[in-house]
2 protein chains.
Amino acid sequence: MSVEFLWDGRAQPTRGPKPALTLEGITDVAIAVADAEGLAAVSMQRVAAELGKTKMSLYRYLPGKAELVALMIERAIGEPPELSAGSWRAALTQWSERLFAAYLRHPWSVDATVGRRPLGPRELGWMECALAALGSGSGLTGAERLDAVAVLAGHARMLAQQAAARLDEDGMNAAMSEVVTRHGARFPQLTAAMRETAVEGGQNQAFTFGLDRILDGLAALIDRRSVRS
Amino acid sequence: MSVEFLWDGRAQPTRGPKPALTLEGITDVAIAVADAEGLAAVSMQRVAAELGKTKMSLYRYLPGKAELVALMIERAIGEPPELSAGSWRAALTQWSERLFAAYLRHPWSVDATVGRRPLGPRELGWMECALAALGSGSGLTGAERLDAVAVLAGHARMLAQQAAARLDEDGMNAAMSEVVTRHGARFPQLTAAMRETAVEGGQNQAFTFGLDRILDGLAALIDRRSVRS
DNA sequence: TTATTTCTGTGTACGGTAGATACAGTTGTC
DNA sequence: GACAACTGTATCTACCGTACACAGAAATAA
């Protein structure tokens, strides 16, 4: 996975035949496949076939599959949001909600952003704008602000993953709940909590709950700092 | 991926040749490979070769690779911790730290626990014991307790992933920081925060910071509830 | 205009993956 | 001893990512 490709793009040549494809077109098709059938369905063969080309032609545009996935992530996450910010809390709430929404729009992006990998300009842009929202007079150190943003991002990721898992209730969840009812005696708290959860609101509520708790905790620290100083 | 296999195991036969392998042995070897070379290095071929057998012999013990990974997770996460609990806060702190430690011991388990998949008994056991710690008189609803546990688990996961990424500083991080310095002007907050972070403490500090913030937020809610009632 | 260079897209090939199936050999039970 | 059940292996298919060689197209240099 070459970092340069992600940041500097691909120098387009002047000579030779006109390219029939574009990086954007390839990425869009790959994203469409991933949206419809998951990240596992994205193969060079599949993407090329969707474009009416052979798989090897894609390698004229991309060094390899890792770069394709990186481009998919950058395109799926979108430009960093413009935060119509008053307080840091309002700004970070907006930021988290938009990140959560982006994950929900493209559930595969959760799977695609695990493990060690180079970050693209947009991904860094998102971090930058969250840090900026938290920066103005919060009294937190740089490390603390990084940690806070990481917690928020992690929360959005986790909830998006859970929401995606709940989207497809195709038998596996049925088998799972069958297991829970069978061994329910071993997990009393869990069965009770899940019974309650079933009635009330969906995944957005869970996200908002966690987000509010995190921001409450952050506010408590910021208040303490501002009092002391 | 069959749920039954995870929960009921494999009925061991009486007749026929003595099995040369055991499920535990296979799982242990697979975990050893994953610990040393990452989850991507775990293939049926590789695990079988490590055991001195052909890959197809493994299918006498496991329905498929998905089940192997599921067993690896169950074995790697370990038994749910016995929380020497006083307050809910102490208990959840201990719980989160042990989960974080488990992720650090087996960094591949972060990659292995993405996406929709059936949960094993130990994984549910961990949830159960966290819910129990939060249950006694916290005043939270079942859904809220589930959400709170999810936030804590997500935090442990995210920080473990970051820590694992920072373990191998093999050139890619170098290329990455080269990019950041080149485009540093676009990310002033980020570069400033990262410069600060470099000097002070490691990943444990980041984990503790986020954990404390989450628990602070949770405490604020619980206090509010107990006052009102 | 022609020749040359450079690029695109394709066909072929290789090593890797997961898994199905058929079969030989071993071991317990009747 | 016959039979049934099980283990481990060999062979096969169907993918995957990608290296390499080659034919044709297009822009430039002569």
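Which helices of chains A and B each supply at least two residues of the surface near DNA strand D? They are α3 (44-50) and α4 (55-58) of chain A, plus α4 (55-58) of chain B. Keep in mind that you're looking at a predicted model, where local features need pLDDT of at least 70, side-chain atom pairs count only at pLDDT 80 or more, and totals for chains, interfaces and linings use all residues. Residues are numbered from 1 along each chain as its sequence is written, while chains are lettered from A and ligands numbered from 1 in the order in which they are written.

**View 1. Around DNA strand D.** Here 25 residues surround the strand, and the closest are A:S43, A:G64, B:P13, B:G16 and B:A20. "Near" means that a residue's C-beta atom, placed from the backbone, lies within 6 Å of the molecule or strand. α3(A) gives the largest share of this surface, three residues. Helices (H or I, at least four residues) are DSSP runs, numbered from the N terminus. By type, the surface near strand D has nine nonpolar, eight polar and eight charged residues. Ala, Val, Leu, Ile, Met, Phe, Trp, Tyr, Cys and Pro count as nonpolar, Asp, Glu, Lys and Arg as charged, and the others, Gly among them, as polar.

**View 2. Around DNA strand C.** This strand has 24 residues around it, with A:P13, A:G16, A:A20, B:S43 and B:G64 the closest. Two or more residues each come from α4 of chain A and α3 (44-50) of chain B. The largest share, three residues, belongs to α3(B).

**View 3. Where chain B meets chain A.** Each chain puts residues into this contact: 54 from chain B and 54 from chain A. Two residues are in contact if their C-beta atoms, placed from the backbone, lie within 7 Å. On chain B's side, α9(B) gives the most, with 16 residues. That side divides into 30 nonpolar, twelve polar and twelve charged residues.

**View 4. Helix α2 of chain A, inside and out.** Buried along α2(A) are A:I26, A:T27, A:A30, A:I31, A:V33 and A:A34. They sit on the same side of the helix because they cover an arc of only 160° around the axis, going by the directions from the helix axis to the C-beta atoms. Exposed A:E24 and A:A36 are on the face turned away from the buried side. A residue is buried if 20 or more other C-beta atoms (placed from the backbone) lie within 10 Å of its own, and exposed if 12 or fewer do. The buried residues pack against α3, α4, α5 (65-77) and α7 (108-112) of chain A.
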